[in-house]
Every structure is written in C-alpha cells, then in structure tokens.
Amino acid sequence: MALQEHNYWLTTVEFPATNASLPLPEVVDVAVIGAGFTGLSAARALAKRGAKVAVLESETVGWGASSRNGGMVLTGMKLGVNQLISRYGRELTQCMYAASLASMDCVEQTVREEGIDCDFSRSGHLEVACKQKHFDDYARQAEVIAREFNHTLRVVEKHELSSEIGSTIYYGGMVDEVSASCNPARYVAGLARAAIKAGAGIFEHARVQTVQRDSRQGEAGWKLSTSRGPLWAHEVFVATSGYTGRATPALQKKIIPIGSFIITTEVLPEKLAQELSPRNRMIYDSKNYLYYYRLTPDRRMLFGGRAAFFPENDQTVRRSAGILRHGMIGVYPQLADAKIDYVWGGTLDFAFDIMPHAGQMDGMYYALGYAGHGVAMATYQGQKIAELMAGDKPDNPFVGIPFPGAPLGLYNGKPWFLPLAGAWYKFLDWVS
Ligand SMILES: Cc1cc2nc3c(=O)[nH]c(=O)nc-3n(C[C@H](O)[C@H](O)[C@H](O)COP(=O)(O)OP(=O)(O)OC[C@H]3O[C@@H](n4cnc5c(N)ncnc54)[C@H](O)[C@@H]3O)c2cc1C
C-alpha cells in the first residue's frame, strides 16, 4: 500500500457514540476540558462518585496525544533519578517514583475493571545506550533505584543484548520488567466508554473558548463559552496537555508543545519480527533527541522520534517519514526493504522543568507536563485530581512542587525558541 499520512492506531479502533446532537447541559458539577487519558480518567472517577460531569472536547474523543502515542506504559519519569534527588531530595523523589509505579497498576486495574480490549501486556521496557558512558551510568542508576525505591532494573551487557534486540549498534541496555504495552487508541476509546457508563457526558466538537469566574444563585463557579454554546460548572478540570491554548492562558504559558512523530512499517514476517525484538519490549535509546520503537500486535515496527520539534502539520509529518525511516534503518538494517505504511505526528506537553504538574491554578484544577511519559501518569493524575476535587486528601507528590515558567517570562505560549531548543538537544547528544 502507498504511504498514508494517517495514525495507524485509528485503523484498529471504534470510538463510542457521544452526545453529537444533544445541547450541552446548562449546569454541571464539573466541566472537564479535553477528552484524552487525563480528562476521561477524571470524568470516570468523578461520575462514579455521583458528580454530574461534562467532558468538553474541541475535536473528537482521543483526538490529541492519547490516540497518537507509542502505547508504551512506562515506569519512571523523563528526568533521571539522580537529577530528581538533587532537585527534590530523597523523600519527595521516593514518593514520585512510587507514584510512577502506582500509575502502572492504575492503568492495569482500569483496563481489567472496565474490560478494555487494548492489548495491555506487561512486556517490559528496554533502554539502550548510544554511548559507552551512557551504558556505564546504567549500573549506577540501577543501584540507586534498587536502594532508594526498592525497584529492580536489570543491566544488560553488550554481549548479551541480542537476547533483547536484533540491533548491534548499542553499547548495552537496561530492562524494566514492570513496564507495559497497549494499543493507545483502543485504551482511550475504552476509557471514554467507561466514563459514559459511569454517567459522564462527553461532548465532541465543543471547543472551550473562554472560562470566567461566575456566581449563580449565590454559588461560586465558572461560566464557560464553547463552540456548542454556554455551560455553567461548579468546578473546572483542564486536561488539555500539549494542546493547551488561549482558553486557559496562565497554563498555556507554562507548557511547551513539542512535536513527536511515528512511522509504522508493513506487517513483518514472524521470523523477522522475532529477530528485531525477541521479547517484544518497549524500546527507547539514551539520547536527548531519542528514538522509541516497538512491534505492534499485528507485527509492524512502530518507530518514533522527534523528527521535527514543531508540532504536527502536513509539512512536519511528511518530512518525518523520511527522517524516521533513515533512523530506523540505522538501528535495524534488516528493515531496509520494509515498506512504510503510515506516518503521523502528535504534540507532547513539556513543562520548563520537564516534570508532571497537577493541582489548582487560578482556581481551576489541572494535570499535565507528562513529557512523553503520559500513558500511565495521565490516567493516574486524572484519578488523583478527581479524588482531590471530591474532597479526599490523596497523596500526590506532583501537587505543590514549584511550577516554573519561562526564564525571564519570555514566553507567551508561542514556542518561538523551538528551533534553538532542537539545535541545543542535538548539540548535547553530540557532546554528552
Ligand atoms: C507521537 C507521540 C508519542 C508518544 N508516545 C508515548 C508513549 O509511548 N508512552 C507514553 O507514556 N506517552 C507517550 N506520549 C505522551 C502521551 O501520549 C501524552 O502524555 C498523553 O496522551 C496526554 O494525555 P492527555 O489526556 O493529558 O492529553 P491529550 O490526549 O493530548 O488530550 C488533550 C485534549 O484536549 C483537547 N483540547 C485542547 N484545547 C481544548 C479546548 N479549548 N476545548 C476543548 N478541548 C480542548 C484536545 O483536542 C485534545 O484532544 C506520546 C505522545 C506523542 C504525541
């Protein structure tokens, strides 16, 4: 088949029908903005507790990063543990790491409870070292993680690496057996079904334009204007991640939208697929400008990376197909003749400190900043913030940590500095 500029996962899924023709309710307890993992996980948890919830989505269910990602359900955070400990201290970092492990269980439990057919499997992840010094650091990291967080990672020497990956370019690897894989589009569709089953209303093509404080019959709340009409809510949960826009300007200034792109090959012969990834791991490399890759359940190689820093558009997607194919053949020369069937892109949400953040800003609840680790953490934060809104006091180490904006406040939500950041990361990969 000819190359399709289309998200492969969408060919594998059916989304639930939503309230396409119904008017928005006049009043709800909670308006959730965004129907991805964060928003739908929150909507499910809130509706299960009896809240009247409206999920407002400017496009369609899962349209954002949640249907476009690699489906790697990963332990840990984007930043390394030593950096986390030096920034937040041992105790808080221990809580953050524990939350990252709990987020894995949260996804597994949700999938089980709701019977979501999304190929969830604890297949483990493999990080591969692009330089000898990156590999040397794995043993130190594994030691800290075992000692401080009671979690075991296995360091794989170069000579043993063929049992994990059919590529000879790496200096060794590190395996975490707890990480998992899923089909993200089926997962987000399943979360939407679960939210609807719990009683939440999902309203597609309802772009939130403004959110203003308002009082109604003596009660404090929020007036939202949307492309499907107005709505009044006691509370608002902003779950817009990399697509955060002008409706919530304070959050928009805190988040850098960064493009990430993926290709998938044609379906590969069984023997070749087995050779490329004998244990079916979720794989990523040790660079800043990294590649991540895995087999899909129907045996395509899915290969992703930051082929362009700017978010997805026709040009960046088209250019990415060639760049990623070149990168893939660099890792796997065996795929030189494999046809590329699909290419697509999506937008990641990076905070300036590369950390997840959650809590309240200007009176609205929010959770974002997952920096490419959002499948598990977004599900978890959606649930935790729902618990907070319901009046519980859940442990959540990402609430209340400093949430820095751009240095000198030089950012209005338009990431003019992305080409510079892209060049900087390439430079770091060269020297570090
Ligand atoms: C290409 C790619 C690969 C990735 N791979 C992985 C991976 O393998 N593993 C991993 O853990 N993470 C990965 N991620 C990150 C992960 O997908 C995200 O962190 C996660 O999906 C975030 O979910 P979310 O619900 O917070 O946001 P999203 O799924 O992005 O949803 C936000 C939604 O908000 C809606 N919205 C925005 N503004 C408004 C408005 N004004 N009104 C109404 N709706 C609005 C958008 O339309 C969008 O649907 C990847 C991301 C990308 C782009």
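Eight strands make up an open sheet of mixed pairing, in the order S5-S6-S4-S13-S14-S15-S12-S16. The model described here is predicted. Its edge strands are strand S5 (154–157) and strand S16 (340–351), each of which pairs on one side only. From one strand to the next, the twist averages 20°. The points below treat this sheet, the strand pairings that involve S9, S10 and S11, the contacts of helix H5 with helices H1 and H3, and two individual residues, Thr110 and Gln4.

**The eight-stranded sheet**

- At one edge of the sheet, S5 pairs with strand S6 (residues 172–176) in the antiparallel sense, over four bridges.
- Within this pairing, Val156 stands opposite Gly173 in S6.
- Helix H8 (residues 314–331) lies across four strands, namely strand S12 (255–265), strand S14 (291–295), strand S15 (301–305) and S16.
- The direction of H8 is at about 60° to S12.
- As general background, strands of a sheet pair through backbone hydrogen bonds, in either the parallel or the antiparallel sense.

**Strand pairings around S9, S10 and S11**

- Strand S9 (residues 208–216) runs antiparallel to S10, and eight bridges join the two.
- The bridge partner of Thr210 in S10 is Ser225.
- The hairpin of S9 and S10 has two residues between the strands, and Gln217 in this hairpin takes a positive phi near 45°.
- Strand S10 (residues 219–226) also pairs with S11 in the antiparallel sense, over five bridges.
- In that pairing, Leu224 stands opposite Leu231 in S11.
- A hairpin of two residues joins S10 to S11.
- Strand S11 (residues 229–238) runs parallel to strand S1 (residues 27–33), to which it is joined by six bridges.
- Ile33 has Val238 of S11 as its bridge partner.
- S11 is further joined by two bridges to strand S18 (residues 364–368), again with the strands running parallel.
- Here Phe237 stands opposite Tyr365 in S18.

**Contact of helices H1 and H5**

- The axes of helix H1 (residues 37–48) and helix H5 (residues 184–198) come within 8 Å and cross at roughly 25°.
- This angle makes H1 roughly parallel to H5, because angles under 35 degrees count as roughly parallel.
- The crossing of H1 and H5 is left-handed.
- On the H1 side, the contact is made by Phe37, Leu40, Ser41, Ala43, Arg44, Ala47 and Lys48.
- On the H5 side, the contact is made by Pro184, Tyr187, Val188, Leu191, Ala192, Ala194, Ala195 and Ala198.
- The residues of this contact comprise twelve nonpolar, one polar and two charged.

**Contact of helices H3 and H5**

- The axes of H3 and H5 come within 10 Å, with a crossing angle of roughly 60°.
- H3 and H5 are therefore oblique to each other.
- The crossing of H3 and H5 is left-handed.
- Val107, Thr110, Val111 and Glu114 of H3 meet Tyr187, Leu191, Ala194 and Lys197 of H5.
- By class, the residues of this contact divide into five nonpolar, one polar and two charged.

**Thr110, a buried residue in H3**

- Thr110 is found in helix H3 (residues 81–114).
- Thr110 has a relative accessible area of 2% and is therefore buried, because buried means under 20%.
- Apart from residues up to four places away in sequence, Thr110 touches Arg44, Ile116, Tyr187, Leu191, Thr379 and Gln383.
- Among these partners, Arg44 takes part in the contact of H1 with H5, while Tyr187 and Leu191 belong to the H5 side of the contact with H3.

**Gln4, in the segment before S1**

- Gln4 is placed in the segment before S1.
- With a relative accessibility of 35%, Gln4 counts as partly exposed.
- Gln4 and Asp341 are 337 residues apart in sequence, yet 6.0 Å apart in space, C-alpha to C-alpha.
- Leaving aside neighbours within four places in sequence, Gln4 is in contact with Asp341, Tyr342 and Val343.
- The edge strand S16 (340–351) covers the positions of these three partners.

How values were computed: Residues are numbered from 1 along each chain as its sequence is written. This is a predicted model: local features need pLDDT of at least 70, side-chain atom pairs count only at pLDDT 80 or more; totals for chains, interfaces and linings use all residues. Side-chain values use heavy atoms; hydrogens and water are left out. Axes are lines fitted to C-alpha atoms, for helices over the stretch in contact, and angles run from 0 to 180 degrees between N-to-C directions. Angles under 35 degrees count as roughly parallel, over 145 as roughly antiparallel, 65 to 115 as roughly perpendicular and the rest as oblique. A crossing is left-handed if the near helix is turned anticlockwise from the far one by less than a right angle, and right-handed if clockwise. Contact means heavy atoms within 4.5 Å. Ala, Val, Leu, Ile, Met, Phe, Trp, Tyr, Cys and Pro count as nonpolar, Asp, Glu, Lys and Arg as charged, and the others, Gly among them, as polar. Buried means under 20% relative accessible area, exposed over 50%, partly exposed in between (1.4 Å probe, protein chains only). Two strands pair if DSSP finds at least two bridges between them.
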